[in-house]
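Trainee: I've got a new structure to look at. Can you walk me through it?
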Amino acid sequence: MKKFYLTTAIDYANGHPHIGHAYEKILADVICRTKRLLGYDVHFLTGLDEHGQKVEQTAKDRGISPQMLCDSVAKEFIDMCALLHISYDDYIRTTQPRHRVIVRDILQKLFDKGDIYKAEYTGFYSTRVERFLHEKDKVNGVWPESEFGQINEITEINYFFKLNPHKQWLVDYITTHENFIFPKFRAKQVLEFLKEDINDLCISRPKNRLSWGIELPFDSTYVTYVWFDALINYISAVYFGTEKFSEFWPVDYHVVGKDILVPAHAIYWPIMLHALDLPMPKTLLAHGWWLCSGEKMSKSVGNVIDPLDYAKQFGTDAFRYFVLREMAVGQDSDFSHELFVSRYNNDLGNDLGNLVSRSSHMLQRYCGGIIPKIMTLESPENEVVNLWSTIRNKVLEAYDRLQFHSALESIFIFIGAINKFLEVRAPWKLAKSDHPKDQERLHTALAVCSEAIRLTATILMPVLPTVSQKILEIFQIKMVSWENQLDWSKECLVNRSLAVKSIILFPKIA
Ligand code: MSP
């Protein structure tokens, strides 16, 4: 079986889940579900980033220990994943011993190789982003307060990881591996960053300033910088240092938001791996940001979208559908309640939901709840059958290219065509006719419609796992793989009895 390994960013343990976290997990989940249905052996990793100053500070403000804070935040994020049906295989927390041991082991290796050195450094430090700032971070000559918060000049002795010796190698790697960064336009941004010298990475924090971190193995008066620790989760979770590791590495996709591509994932991480003589990730997938009325979501503006509210109120699948239908992977998108309601009522309620409920109703009424045989195909039926083969190929290709919004667009074109087919065939009229040919037409039309619905539910499975399952259950079908399941079949449903009398998949929202 072909292996497929995918990771998401690990969320900071100092906040609550919002739509950005939810979207990233859903996107990752859909990719993994698609691969599983295509027969891959998938390993899907997500988790929580638990160290650092912000976590320490938030815990202090609340009067609890950092570990207590992390445990309660972990519960919130794990509950979010459960509600959104995120099919992860492993959830890593950076305070777990399995992670700590490997971070220390890697630090020691790099220290022994001479890639880490100690030096005094004076620089401008932002607590908000927990790092020394570079000249490159300036916008119009200043470090924007909205991004970096309060900045203090500090002089400190710290440990540094050498980046510059690997710079040219990284430039060459990015230039010669066009699938390394997705979408491709982001590679330009990375190369731009690499045009000038890059500062070595400060990978330690003195314990008298921050104690909530992984102690350096070669100096117990320091803890590890949170990003250096966090990035290592991608290998500590998959048995780095053992034979098993090669089953997973190199990873197929690191799914992250565009804000943490440069410098963390596209500069620090590849250089860390290169210094360790490890192969590069196959693809860094940088998705865009969810905005609210064009603005960044923020607690102070009060425009943070709670994904849990939507999933609880309108159903998990409806929320999954909305975020994937609206956002082209890699681009930003604006969340609006009106748009959500319109997609829900129109696409899901009117187009898909009504199709399933009216078809099952007609099958009960005109065929006694048993799927009839497909007899002669005439032109309306042929149109549906032919359209399916085009749509199926388009959708599979779009899934493969991570174009989920256009895959869904194509699927809904097909759903529209089935609805139109029912209008043209008008089974309710055929049922009234005495002509023997019309009885055959009536049965064939409903059988074709059932098969088209089966195929729709099958191909929608990665995005709408619960609803698709419910639809397939109407036909008493259990589906675990796409093998032979996406081909038009004359026989698949014949003589199956419907498991339900009536079904409402998406009750209307007022
Ligand atoms: N802890 C770091 C990641 C370490 S990975 C080794 C972090 N955490 S985060 O909680 O701030 O963000 C987690 C993910 O959510 C990131 O990929 C980030 O880009 C994503 N999002 C946060 N806000 C977002 C939106 N508004 N929209 C879409 N995704 C965004 O960064």
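Trainee: Which helices and strands each supply at least two residues of the shell around the ligand?

Mentor: This is a predicted model, to start with. The elements are β1 (3–12), α1 (19–37), α8 (226–231), α9 (233–236) and β12 (253–257).

Trainee: Which one gives the most to that shell?

Mentor: Strand β1 does, with 4 residues.

Trainee: Which residues come nearest to the ligand?

Mentor: Of the 24 residues around the ligand, they are Ile-10, Glu-24, Asp-49, Gly-257 and Asp-259.

Trainee: What lies 2.5 Å from an oxygen atom of the ligand?

Mentor: Take Glu-24: an N or O atom in its side chain is 2.5 Å from a ligand oxygen. Asp-259 has a polar side-chain atom that also lies 2.5 Å from an oxygen atom of the ligand. Gly-257 uses its backbone instead, with an N or O atom 2.9 Å from a ligand oxygen.

Trainee: How much of the ligand does the protein bury?

Mentor: The protein buries 94% of the 660 Å² that the ligand exposes when taken alone.

Trainee: New topic, the whole chain. How many helices and strands are there?

Mentor: The chain has 19 helices and 16 strands. Its C-alpha atoms fill a box of roughly 95 × 45 × 40 Å along the principal axes. Of its 510 residues, 56% are buried.

Trainee: What about contacts between residues far apart in sequence?

Mentor: Count the contacts with a separation of 6 or more. Residues 24 or more positions apart account for 77% of them.

Trainee: Let's pick a helix. Which residues of α6 are buried?

Mentor: Helix α6 covers residues 167–176, and the buried ones are Lys-167, Leu-170, Val-171, Tyr-173 and Ile-174. Seen down the axis of α6, they fall within an arc of 165°, so they line one face of the helix.

Trainee: Why would residues three or four places apart point the same way?

Mentor: An α-helix has 3.6 residues a turn, so that spacing brings side chains round to the same direction.

Trainee: And what is on the other side of α6?

Mentor: Thr-175 and Thr-176 are there, and both are exposed. As for the buried residues of α6, their cover includes β7 (181–182), α7 (185–193) and α11 (261–275).

Trainee: Now strands. Are the residues of β3 buried or exposed?

Mentor: Buried, on both faces of the strand. Asp-90 and Ile-92 are on one side, with Tyr-91 and Arg-93 on the other.

Trainee: Which strand is joined to β3 by 4 bridges?

Mentor: That is β2 (residues 41–49), and the two run parallel. One bridge pairs Gly-47 with Ile-92 in β3.

Trainee: There's an open sheet of 3 strands too. What is its order?

Mentor: The order is β15-β14-β16, and the pairing is mixed. The edge strands, β15 (295–296) and β16 (333–335), each pair on one side only. Strand β14 (residues 290–292) runs parallel to β16, with 3 bridges between them. In one of these, Trp-290 has Ser-333 of β16 as its partner.

Trainee: Last one. Where is Ser-468?

Mentor: Ser-468 sits in helix α19 (residues 465–474). Its relative accessibility is 1%, so it counts as buried.

Trainee: What is Ser-468 in contact with, leaving aside its neighbours within four places in sequence?

Mentor: Ala-457, Leu-460 and Met-461. The backbone oxygen of Ala-457 lies 3.1 Å from a polar side-chain atom of Ser-468.

Definitions and conventions. Residues numbered from 1 in each chain as written. Predicted model: local features only at pLDDT ≥ 70, side-chain atom pairs only at ≥ 80, totals over all residues. Heavy atoms only, no water. Pairing = 2+ DSSP bridges. Buried < 20%, exposed > 50% of the residue type's maximum accessible area, 1.4 Å probe, protein only. Arc of directions from axis to C-beta. Contact = heavy atoms within 4.5 Å. Near = heavy atom within 4 Å. Polar contact = N/O pair within 3.5 Å; in protein donor to acceptor, adjacent residues only side chain to side chain. Areas by Shrake-Rupley, 256 points an atom, 1.4 Å probe, with all protein chains shown as cover.
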